[in-house]
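Hi there,

Here is the structure I promised to pass on. Have a look at it first, and then read on for my notes.

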Amino acid sequence: GVHLLAQWLDHHDAFGPVVAPLKQAILAHKHAHPDDDFALVHHREQTLRCRFQALFFAPLLGIETRTAFDTHEHPLPTLLGRGYHSATLTQFLGQLERVGAAEALQPALVPQQVGQMTSVDGHMIASWSRRSMHKGTITMLGRMMAGSQAVMAHNEAGHAVCVTDYPPDRHLSQVIVAYCQQVVDATGSSLCVIDRAVNAVALACAFDEKGLGLLCMLDDNEHQGLASFEATPVGTLTDGTLV
């Protein structure tokens, strides 16, 4: 099935919109840093395509971690004509970050239909140690909270539209406005739904100053039921629901 999907994607040139901005990002980096010399700046289009395809098809072939490229029995060589080791792809990803590929690829990877709302959530990625070290509100033997803080935005269909990470000691309230502005610029969806970490009137005002919509819950000590809010009717939905 994966081989049939690969043929279908190749027939529709599905990877063309990915490879083209990658080449532009590489050319821009070479122009800005003419003295830089690493493998990615010399990659041919076919090499870029194959390495990106290796990462794309890995989950469909049961490869969940990059280290599995070294030991996992998979049909990647029959799919792409060659296999890859984890060190090769790790180097590839690091060099993509070096040329700023994330910003270049965002327009190609963001879904065309994003909907009117975007859900934003955070995920704390722990650091691990062989020693028993407890740190933070979420504890486990050997785990030190936190290692990094990932922030992810999904559209109404559940597709990821923007993923980035921040240092764990930086509170989300310090970066969430700029992050949501980046999401809005990329998708055009101006209403952000956030379940926590932004539950403050001051941040709602900051969103409003930027012309962004925000739907979130206040802290329990911020309100006493619906009576605490001044409701202003702004319209009616097609099903008759008053907004």
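To get your bearings, in which helix does F56 lie? F56 lies in helix 3. Please keep in mind as you read that this is a predicted model. I have sorted the notes by topic, starting with the rings.

**Aromatic rings**

In total, the structure holds 4 aromatic pairs. One of them joins F15 and F52: the ring centres are 6.2 Å apart and the planes stand at 75°, so this pair is edge-to-face. F15 sits in the loop between helix 1 (2–11) and helix 2 (16–32), while F52 belongs to helix 3 (residues 45–57), so the two rings tie together parts of the chain that are 37 residues apart in sequence. Both of these residues, F15 and F52, are buried.

Another of the pairs is made by F56 and F57. Their ring centres are 5.1 Å apart, and because the planes are at 85°, this pair is edge-to-face too. How accessible are these two residues, starting with F56? F56 has a relative accessible area of 37%, which makes it partly exposed. F57, in contrast, has a relative accessibility of 1% and counts as buried. Taken together, F15, F52, F56 and F57 are linked into a cluster by ring pairs.

F56 also has a part in the surface. Along with L5, W8 and L60, F56 forms a nonpolar patch there, and the accessible area of the four together is about 390 Å².

**D13 and its salt bridge**

Next, a residue with a backbone angle that caught my eye. Most residues other than glycine have a negative phi. D13 is not a glycine, yet its phi is positive, at about 50°. You will find D13 in the loop between helix 1 and helix 2. Is D13 buried, partly exposed or exposed? With a relative accessible area of 43%, D13 is partly exposed.

The side chain of D13 also has a charged partner. A search of the whole structure turns up 4 salt bridges, and one of them brings together the side chains of R49 and D13, with an N to O distance of 3.7 Å. R49 is in helix 3 and D13 in the loop between helix 1 and helix 2, so this salt bridge ties together parts that are 36 residues apart in sequence. R49 counts as buried, at 12% relative accessibility.

**E45 and K23**

Helix 3 takes part in another salt bridge, this time through E45. The side chains of E45 and K23 meet at 3.4 Å, again N to O. Here, too, distant parts of the chain are linked: E45 is in helix 3 and K23 is in helix 2, 22 residues apart. E45 counts as partly exposed, at 39% relative accessibility. K23 is partly exposed as well, with a relative accessible area of 37%.

**R98 and its surroundings**

Towards the other end of the numbering there is R98, which lies in helix 6. R98 forms a salt bridge with D36, and the closest N and O atoms are 3.7 Å apart. R98 in helix 6 (residues 86–98) and D36 in the loop between helix 2 and helix 3 are 62 residues apart, so to speak a link between distant parts of the chain. R98 is partly exposed, with a relative accessible area of 45%, and D36 also counts as partly exposed, at 26% relative accessibility.

Which residues does R98 contact, once its neighbours within four places in sequence are left aside? R98 is in contact with H29, D36 and F38. L40 is worth a look here as well: the C-alpha atoms of R98 and L40 are separated by 9.6 Å, and the two residues are 58 residues apart along the chain.

**How the charged residues join up**

One last point on the salt bridges. D13, K23, E45 and R49 are joined into one network by salt bridges that share partners.

If you open the model on your side, F56 is a handy place to begin, with its ring paired to that of F57 and its place in the nonpolar patch on the surface. From there you could turn to D13, with its positive phi and its salt bridge to R49.

Best wishes

Conventions
Residues are numbered from 1 along each chain as its sequence is written. This is a predicted model: local features need pLDDT of at least 70, side-chain atom pairs count only at pLDDT 80 or more; totals for chains, interfaces and linings use all residues. Side-chain values use heavy atoms; hydrogens and water are left out. Rings of Phe, Tyr and Trp (its six-membered ring) pair if their centres lie within 6.5 Å; planes under 30 degrees apart count as stacked, over 60 as edge-to-face and the rest as tilted. Helices (H or I, at least four residues) and strands (E, at least two) are DSSP runs, numbered from the N terminus. Buried means under 20% relative accessible area, exposed over 50%, partly exposed in between (1.4 Å probe, protein chains only). Patches are made of residues with over 30% relative accessible area and no salt bridge: like charges are joined within 9 Å, nonpolar side chains (Val, Leu, Ile, Met, Phe, Trp, Tyr) within 5 Å. Accessible areas come from the Shrake-Rupley method with a 1.4 Å probe; for residues, only the protein chains shown count as cover. Contact means heavy atoms within 4.5 Å.
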